[in-house]
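Hi,

Here is the model I said I would pass on. Have a look at it first, and my notes come after.

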Amino acid sequence: MKKLLIMCGTGIATSTVVKGKVEEWLKENNLSHEVKIYQSKVSDEIGRIDDYDVILSTTLVPDNIRDKVIDGVPLLTGIGIDNMYEKVLAEIKR
Amino acid sequence: MKLEKDLVVIDLKAGSKEEVLEAMGKLLIGKGIVKEGFIESILQREKDFPTGLPTEPFGVAIPHTDGEMVNDSKIAFASLKTPVKFLAMGRNDERIDVKVVFMLALKTPEDQLEMLQKLVGLFQDPQTVMEMAEIKDAEQLNELLRNKE
């Protein structure tokens, strides 16, 4: 089971919307049973980012963890969604 | 999905995002929807985690802050007379011109989720974003939201 973390600044608004969309996408692609979703805020996760296999964030993260994080803003604007899901899929399949 | 008439501001005149956040925050404080200190909290949060979305044909912002500042989960709307600059969410110092603001007063992640999901869906359609900026009153806005469901 892969661990997918979705985070935003407060863990209350955008991460919730993103979570709903990712859940739908996982279902459509028959991946629901392979991935467990976690939702949180950036400040709570910075120290344990390596616990997760895939990380989506709607907010900017510190430089030292930026490479591990996929930008989740496309799910809010609709711009660049396919590209974003390709990255997520690659991480799930890794 | 409906926004309360009292929480809809048309053609808000503001020279900066701070003025927008203050005006909308005042509205929410005045109705007891959020706590005293909400404005300071939302200003700080916007600084730390900007909420401008680079939608087309112009940006939308969804300012919000910690649930503990909120008494009653509601969403306020403002269209801006002239666009103001917000920083883009998840980007480094990218400024966008925002004409439509939805201020989210949310106590818990589940509150207003359906509404929030619908709004985000609407933001992805340039025609709808354009229409949101041009609505004349709360009724028209709610009709727009209803028609797009």
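Below is what I found, going from the chains as wholes to single residues and then to the charges.

Before anything else, keep in mind that this is a predicted model.

**The two chains**

Chain A has four helices and four strands. From the N terminus on, its elements come in the order β-α-β-α-β-β-α-α. The radius of gyration is 12 Å, close to the 12 Å from the globule rule for 94 residues, so chain A is as compact as a globular protein of that length. If you want a box for it, the C-alpha atoms of chain A fill roughly 30 × 30 × 20 Å along the principal axes. As for the inside, 51% of the 94 residues of chain A count as buried.

Chain B has five helices and five strands, and along the sequence the pattern reads β-α-α-β-β-β-β-α-α-α. A compact globule of 149 residues would have a radius of gyration near 15 Å, and the 14 Å of chain B agrees with that. Its C-alpha atoms take up a box of roughly 35 × 30 × 30 Å, again along the principal axes. Of the 149 residues of chain B, 51% count as buried.

**Backbone spots to check**

A few places in chain B are worth a click if you look at torsions. The peptide bond from B:E56 to B:P57 is cis, with omega near -5°. B:P57 sits in the loop between strand 2 (52–53) and strand 3 (59–61) of chain B. Its relative accessible area is 40%, so B:P57 counts as partly exposed. B:P57 and B:V98 are 41 residues apart in sequence, yet their C-alpha atoms are 9.8 Å apart in space.

Then there are two positive phi values. B:D93 is not a glycine but has a phi of about 55°. You will find B:D93 in the loop between strand 4 (74–87) and strand 5 (95–105) of chain B, and at 57% relative accessibility B:D93 is exposed. The other is B:Q112, also a residue other than glycine, with phi near 60°. B:Q112 lies in the loop between strand 5 and helix 3 (113–123) of chain B. With 28% relative accessibility, B:Q112 counts as partly exposed.

Over in chain A, A:S43 belongs to helix 2 (residues 42–45) and is exposed, at 54% relative accessible area. The C-alpha atoms of A:S43 and A:T10 are 8.6 Å apart, with their positions 33 residues apart along the chain.

**Charges**

Side chains of opposite charge can pair when their charged atoms come close. The count over all chains is 14 salt bridges. Here are some that I looked at.

Which partner does B:R91 meet in chain A? The answer is A:D71, in a salt bridge of 2.8 Å, N to O. This pair crosses between the chains: B:R91 is in the loop between strand 4 and strand 5 of chain B, while A:D71 is in strand 4 (residues 69–71) of chain A. Both ends are partly exposed, B:R91 at 27% relative accessibility and A:D71 at 28%.

Within chain B, the side chains of B:D6 and B:K31 form a salt bridge at 3.7 Å, N to O. They link distant parts of the chain, 25 residues apart: B:D6 is in the segment before strand 1 (8–12), and B:K31 is in the loop between helix 1 (17–30) and helix 2. B:D6 is partly exposed at 46% relative accessible area, and B:K31 is partly exposed at 42%. Back at the pair across the chains, salt bridges with shared partners join A:D71, B:R91 and B:E94 into one network.

Chain A has a bridge of its own between A:D63 and A:R66, at 2.9 Å from N to O. A:D63 counts as exposed at 61% relative accessibility, whereas A:R66 is partly exposed at 31%.

Finally, some charge that is not paired up in this way: B:E19, B:E22, B:E36 and B:E40 form a negative surface patch. One of them, B:E40, is in helix 2 (residues 38–48) of chain B, and with a relative accessible area of 54% B:E40 is exposed.

Cheers

How values were computed: Residues numbered from 1 in each chain as written. Chains lettered and ligands numbered in written order. Predicted model: local features only at pLDDT ≥ 70, side-chain atom pairs only at ≥ 80, totals over all residues. Heavy atoms only, no water. Patch = residues over 30% accessible without salt bridge, like charges linked within 9 Å, V, L, I, M, F, W, Y side chains within 5 Å. Areas by Shrake-Rupley, 256 points an atom, 1.4 Å probe, with all protein chains shown as cover. Salt bridge = Lys/Arg side-chain N within 4 Å of Asp/Glu carboxyl O. Lys, Arg positive; Asp, Glu negative; His and termini not counted. Charge placed at Lys NZ, Arg CZ, Asp CG, Glu CD. Buried < 20%, exposed > 50% of the residue type's maximum accessible area, 1.4 Å probe, protein only. Rg over C-alpha atoms; globule rule 2.2 N^0.38 Å.
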